[in-house]
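Visitor: I am new to this structure and would love a close look at a single part of it. Could you pick one helix, walk me through it, and then show me how the rest is laid out?

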Amino acid sequence: MNEILTVSSYLPGDLVISIVPRGQGEKIMRAVRRAGARGGTILEGRGSVNNKLARILGLDSRAVELVFTLVDSGILEAVFEALATDEDILKLPEGAAMHLNARGILRREILPPGARAETPETDIFSVNPQAGRSAMSQAKYELITVIANTGFSEEIMEAARGAGAPGGTIMNAKGTGRAEDVKFFGITIVPEKEFIILVVPKNKTKAVLKAIQDLPSMSQAGVGIIYCLDVTRFVQLGKKMQREFVR
Amino acid sequence: MFFPEILKKTSLAALPFTALLFLLHLFLLPEKSGVWSLAAGWLLLSSGMAVFISGVDIGILPMGQKAGSELANRRSLPLLCAFCFVAGFFITASEPHLGILAVWTKRLAPGAGRLSSAAAISAGVGLFAALAAGRIVLQISLKKILTFFYILILGGACLAETPFTGLLLGAGGVAAGPMAVPFILALGMGIAAVRGGSEAGSDSFGLLGLTGLGPILALLLLGAIFPGEWSGGVYERKEAAGTLLSFLLLIPASLKEMGIAALPLLVLLILFGTTLFNLSRLQVIRFTKGLLYAFAGLCIFFTGLRGGFMAEGNLLGNALALTDNKAITTLAGMLLGAMTVWVEPTVWVLNARAEAAPGGNISHNHIMAALSLSAACATGLALLQAMNGLNPLCLILPGYALALLLSIFCPRLFTALAFDSGVVMIGPVTCIFMLSLVTSAAALPERATGFFGLIALFAMTPLLFIQILGILLQRKQRLNERRRAGKEAAPAGRQ
């Protein structure tokens with residue numbers, strides 16, 4: 001029988017986002033795989049270096065990679081342990097990792113050889129992935145995501161920094177063209193966006209949001225949108241790991 | 001990238017080049033005085049390159065991208081093309097290497113004055129920049145346009161009375177200097193970025209490659225309009241001895257050259273900041289800083305290149321010619337050629353963009369290896385043909401034919417990248433250092449032909465190697481996919 005047997009699963013899990021200098025994402029992948037995670041997805045962005053002189057000179061941006069890893073609940077500790085102790089990662093000049101609660105991870109897996117073919121399909125409607133999960137530990141940080149039209153990221157970052165955000169990561173993104181948009185020789189012109197993520201201690205979230213809200217460039221409708229997510233854990237990686245995060 | 005990291009990378013990249021020159025110097029040259037100027041040259045070259053790359057990152061690239069996407073957003077094709085024409089024209093007109101192209105003009109069109117030839121070349125760049133921008137919007141296949149124009153040029157070169165015409169194929173690279181390359185590259189990326197659809201990734205490249213056709217056609221046209229007898233070429237080179245004073249003496253010239261080269265971008269920045277686009281204060285400050293760094297970096301770079309390496313190239317070339325051993329000369333030239341790619345600032349700029357290209361999955365090392373190989377082959381072939389008095393066209397014409405053939409099988413992104421590389425490879429190090437080396441190593445009585453042969457080969461070889469790389473990578477990716485599919489089937493198969 002040559003048919004590949006697969007089964008879907010729908011379970012609670014955890015999302016670990018690691019941010020490391022460009023080209024180093026593979027090291028994260030290797031470490032989390034050793035800890036039992038299956039893989040990950042790498043996005044590219046640019047981060048900022050926390051150095052006053054570099055900022056004045058305008059040389060404070062650094063190309064980074066964001067590694068999104070979905071891990072099964074239970075191995076979260078092992079993943080963070082691996083990130084903190086991996087020798088390659090310890091050598092990185094800068095890096096960070098955060099943990100977000102993934103409410104349910106739906107995936108399809110290949111059944112191991114010998115498994116019975118009659119394994120029933122998971123019925124998503126009948127499963128509550130959060131059931132039996134202990135209440136999450138109190139989130140200390142928040143992940144603020146700002147999606148704004150291209151060109152405002154500098155101001156947004158500066159405002160956020162002024163309000164106590166330690167730094168952020170910017171990714172280039174595209175908006176969606178609308179159907180009623182005028183086409184330009186058959187091309188839909190899509191608005192360019194910047195996708196900015198900032199991890200902020202929970203007590204500073206509101207100050208940061210206010211600072212961004214008060215920016216003159218954010219005063220028009222439709223310029224940008226912001227949402228916040230709980231971050232239960234946030235650690236520095238690499239050489240700066242030992243340093244205290246909250247200033 | 002963060003500046004100290006860039007500096008580390010550029011110093012390491014310039015190290016093998018300097019070390020090889022150092023070794024050659026020890027073996028070939030009696031006097032050891034030049035060694036110190038090599039060390040100083042290395043320091044200036046790598047720090048200048050790092051400052052330049054930082055400036056490009058925060059200034060020139062975002063500026064070009066902003067211009068491209070804002071203009072595409074205005075939804076007016078005439079406006080977009082007009083802007084590209086004007087920007088291309090003025091950036092080229094202020095290009096310091098335009099003087100090298102004047103030699104071509106003297107050969108092909110002795111009747112044409114210096115000013116009119118500069119105007120024609122600049123207009124050529126502008127015209128093709130406009131054409132390339134229009135191509136992205138109108139979604140005309142890059143491969144088709146390139147094939148059309150190259151067949152036109154190659155046909156013209158075959159029919160031309162002087163074999164010199166074929167050597168024009170490198171003219172595009174000479175016309176695009178280190179200020180123009182990042183801006184034109186970014187312009188295309190900006191236009192491609194606002195485009196919806198799946199091909200936006202491969203459309204980010206190719207603008208430079210197409211723009212490089214402008215000077216070639218302009219020179220061909222000049223030759224047709226102002227025919228005449230060539231009365232002896234002149235190509236003046238300033239020699240510099242390796243003393244501290246000579247470095248200092250080079251600074252004013254570098255400042256002036258780069259100042260002129262940066263001028264059009266400065267004017268554009270002022271236009272962007274005041275009237276054209278809605279730039280925020282912070283953006284203007286950042287772009288200004290970037291432009292300033294790019295300018296300062298290039299000044300440092302050129303001072304190091306001229307002071308530390310150019311004279312060295314000349315001396316080494318002479319010494320190699322004296323050894324009268326074609327094998328050693330060719331080998332040394334090939335090794336040096338392979339390493340020039342690592343110290344060419346424009347190559348760094350293109351490579352960083354290629355690495356970030358969406359959907360390409362291109363590794364920095366792959367591209368560098370392919371370009372090193374291209375440069376080594378180009379130098380080796382140029383030396384061989386110059387020393388043996390062969391006609392360089394015997395290599396160049398089949399090379400281009402092969403490149404066009406390969407483009408049929410090559411993924412679109414890599415074809416675009418290959419033609420861009422052909423322009424980018426001919427940067428300051430090739431134009432200044434390799435020129436000194438090759439012309440003196442081949443002991444050419446008349447330097448222009450050998451040099452232009454070298455340039456044309458430098459423009460041709462990356463078309464082959466990058467496209468071959470693209471084809472190989474595509475095959476490997478397909479193989480991987482098949483293997484992965486096979487693996488997933490395996491457990492069930494055993495059952």
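**A close look at one helix**

Guide: The buried residues of helix α14 in chain B are Thr329(B), Thr330(B), Ala332(B), Gly333(B), Leu336(B), Gly337(B), Ala338(B) and Thr340(B). Please keep in mind that you are looking at a predicted model. The helix itself covers residues 326-340 of chain B, 15 residues in total. From the first C-alpha to the last, α14(B) reaches 21 Å, close to the 21 Å expected at 1.5 Å a residue. What do the buried residues of α14(B) pack against? Their partners in chain B are α1 (3-28), α13 (281-323), α16 (364-388) and α19 (428-441). One general point helps when you look along any such element: an α-helix has 3.6 residues a turn, so residues three or four places apart point the same way.

Now let us visit other helices of chain B. Helix α3 (residues 77-93) and helix α5 (residues 114-138) of chain B make a good pair to look at, as their axes come within 7 Å and cross at roughly 145°. The crossing of α3(B) with α5(B) is right-handed. Sorted by class, the contact between α3(B) and α5(B) has 17 nonpolar residues, five polar ones and no charged ones.

The loops beside these two helices hold a residue each that deserves a glance. Arg75(B) sits in the loop between α2 (34-73) and α3 of chain B. Its phi is near 60°, a positive value in a residue other than glycine. With 31% relative accessibility, Arg75(B) counts as partly exposed. Gln139(B), in turn, is placed in the loop between α5 and α6 (142-159) of chain B. Gln139(B) is not a glycine either, yet has a positive phi of about 55°. The relative accessible area of Gln139(B) is 41%, which makes this residue partly exposed.

For a buried residue, turn to Ala186(B), in helix α8 (residues 180-193) of chain B. Its relative accessible area is 0%. Which residues does Ala186(B) touch, leaving aside its neighbours within four places in sequence? The contacts are Ile60(B), Leu61(B), Gly64(B) and Gln65(B). Another residue to find from here is Leu350(B): Ala186(B) and Leu350(B) are 164 residues apart in sequence, and their C-alpha atoms are 9.8 Å apart in space.

Chain A gives us strands to look at as well. There are six helices and nine strands in this chain. Of the 247 residues in chain A, 45% are buried. Among the contacts in chain A with a separation of 6 or more, 81% are between residues 24 or more positions apart.

The nine strands form an open antiparallel sheet in chain A, in the order β8-β5-β7-β6-β2-β3-β1-β4-β9. At its edges stand β8 (224-231) and β9 (233-236) of chain A; each has a single partner strand, so one side of each is left without a neighbour in the sheet. On average, neighbouring strands of this sheet are turned by 35° against each other, direction ignored. As background, strands of a sheet pair through backbone hydrogen bonds, either parallel or antiparallel.

Strand β1 (residues 6-21) of chain A is a good place to trace that pairing. Antiparallel to β1(A) runs strand β4 (residues 96-110) of chain A, joined to β1(A) by 13 bridges. You can follow this pairing from Thr6(A), which stands opposite Ile110(A) in β4(A), to Asp14(A), which stands opposite Asn101(A) in β4(A). β1(A) also pairs with strand β3 (residues 61-72) of chain A, in the antiparallel sense and over nine bridges. Here Gly13(A) stands opposite Asp72(A) in β3(A). Of the 16 residues of β1(A), 13 are buried, so this strand is largely enclosed by the rest of the structure.

Our last stop is back at an edge. Four bridges join β4(A) to β9(A), and these two strands run antiparallel. Among the residues paired there, Ala96(A) has Gln236(A) of β9(A) as its bridge partner.

How values were computed:
Residues are numbered from 1 along each chain as its sequence is written. Chains are lettered from A and ligands numbered from 1 in the order in which they are written. This is a predicted model: local features need pLDDT of at least 70, side-chain atom pairs count only at pLDDT 80 or more; totals for chains, interfaces and linings use all residues. Side-chain values use heavy atoms; hydrogens and water are left out. Two strands pair if DSSP finds at least two bridges between them. Axes are lines fitted to C-alpha atoms, for helices over the stretch in contact, and angles run from 0 to 180 degrees between N-to-C directions. A crossing is left-handed if the near helix is turned anticlockwise from the far one by less than a right angle, and right-handed if clockwise. Ala, Val, Leu, Ile, Met, Phe, Trp, Tyr, Cys and Pro count as nonpolar, Asp, Glu, Lys and Arg as charged, and the others, Gly among them, as polar. The expected span of a helix is 1.5 Å times one less than its number of residues. Buried means under 20% relative accessible area, exposed over 50%, partly exposed in between (1.4 Å probe, protein chains only). Contact means heavy atoms within 4.5 Å.
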